[in-house]
Amino acid sequence: VPHVVVYFFGYAALFAGFAAGLLFVIRPAPIRLGREDLTGSAQVDVERFMHGAVRFSFVLLTVGLLMGAFWAKSAWGDYWVWDPKETWSLVSWLIVGVYMHLRFVGGWTGRRLAFVVIAGFAAVMFTYLGMNLLPTAESSLHVYQ
């Protein structure tokens, strides 16, 4: 159960990053809020919010992936069996990892990174909802009817 809860929070954080990424693609300028904060600024930097949400999501997805592997070892006798759900979870994690790499090592910012976040959330949605559509889903240990 903790592994699933951690993943859900990771998905929620990535959704927040995805929403900010969409907003950034549509309107890259800072957004003015109704009231000023303590510094006198009433603007929210959407890109900074997107990055914070994705960083938090990456941590949670990493913890969820590791917790799932340890749970799988005790439940099924192996850490990783290349089950379709496990594989797509890894793909989702790798896309978010690519985002982190491009941000910190590649120096990417702006719209290019927003598109990576959008792709990462699309992979998460497929992992969560679309995995059952795969022909190999019937043999998956993660498909519950």
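**Exercise 1. Determine what share of the contacts between residues at least 6 apart in sequence joins residues at least 24 apart.**

Solution. The model is predicted. Step 1: consider contacts in the protein chain between residues at least 6 apart in sequence; 71% of these join residues at least 24 apart. Step 2: set this beside the order of elements, which runs α-β-β-α-α-α from the N terminus on. The protein chain thus contains four helices and two strands. Step 3: add the burial of the chain. Of its 145 residues, 40% count as buried. The exposed surface amounts to about 8,700 Å², and carbon and sulfur atoms supply 69% of that area.

**Exercise 2. Identify the residues with the most contacts inside the largest nonpolar core, and the elements that give two or more residues to this core.**

Solution. Step 1: the largest nonpolar core has 24 residues, and Leu14, Met50, Val54, Val96, Tyr99 and Val117 have the most contacts inside it. Step 2: two or more residues come from each of helix 1 (2–26), helix 2 (46–76), helix 3 and helix 4. Helix 1 provides the largest share, seven residues. Step 3: examine Met50 individually. Leaving aside residues up to four places away in sequence, Met50 touches Gly17, Ala20, Gly21, Tyr99, Gly110, Leu113, Ala114 and Val117. As general background, nonpolar side chains tend to be buried together in soluble globular proteins.

**Exercise 3. Establish how helix 3 is oriented relative to helix 4, and describe the contact of the two helices.**

Solution. Step 1: the axes of helix 3 (residues 84–104) and helix 4 (residues 111–130) come within 9 Å and cross at roughly 170°. Step 2: an angle over 145 degrees counts as roughly antiparallel. Helix 3 is therefore roughly antiparallel to helix 4. Step 3: list the partners. Helix 3 contributes residues including Lys85, Trp88, Ile95, Tyr99 and Arg103, while those of helix 4 include Leu113, Val117, Gly120, Val124 and Tyr128. Step 4: classify the residues of this contact, which divide into 12 nonpolar, four polar and two charged.

**Exercise 4. Locate Trp82, state the sign of its phi, and decide whether the residue is buried or exposed.**

Solution. Step 1: Trp82 lies in the loop between helix 2 and helix 3. Step 2: although Trp82 is not a glycine, its phi is positive, about 55°. For comparison, most residues other than glycine have a negative phi. Step 3: the relative accessible area of Trp82 is 57%, so the residue is exposed; the cut-off for this class is over 50%.

Key: Residues are numbered from 1 along each chain as its sequence is written. This is a predicted model: local features need pLDDT of at least 70, side-chain atom pairs count only at pLDDT 80 or more; totals for chains, interfaces and linings use all residues. Side-chain values use heavy atoms; hydrogens and water are left out. Axes are lines fitted to C-alpha atoms, for helices over the stretch in contact, and angles run from 0 to 180 degrees between N-to-C directions. Angles under 35 degrees count as roughly parallel, over 145 as roughly antiparallel, 65 to 115 as roughly perpendicular and the rest as oblique. Contact means heavy atoms within 4.5 Å. Ala, Val, Leu, Ile, Met, Phe, Trp, Tyr, Cys and Pro count as nonpolar, Asp, Glu, Lys and Arg as charged, and the others, Gly among them, as polar. Buried means under 20% relative accessible area, exposed over 50%, partly exposed in between (1.4 Å probe, protein chains only). Accessible areas come from the Shrake-Rupley method with a 1.4 Å probe; for residues, only the protein chains shown count as cover. A nonpolar core is a set of buried Ala, Val, Leu, Ile, Met, Phe, Trp, Tyr and Cys residues joined through side-chain atoms within 4.5 Å.
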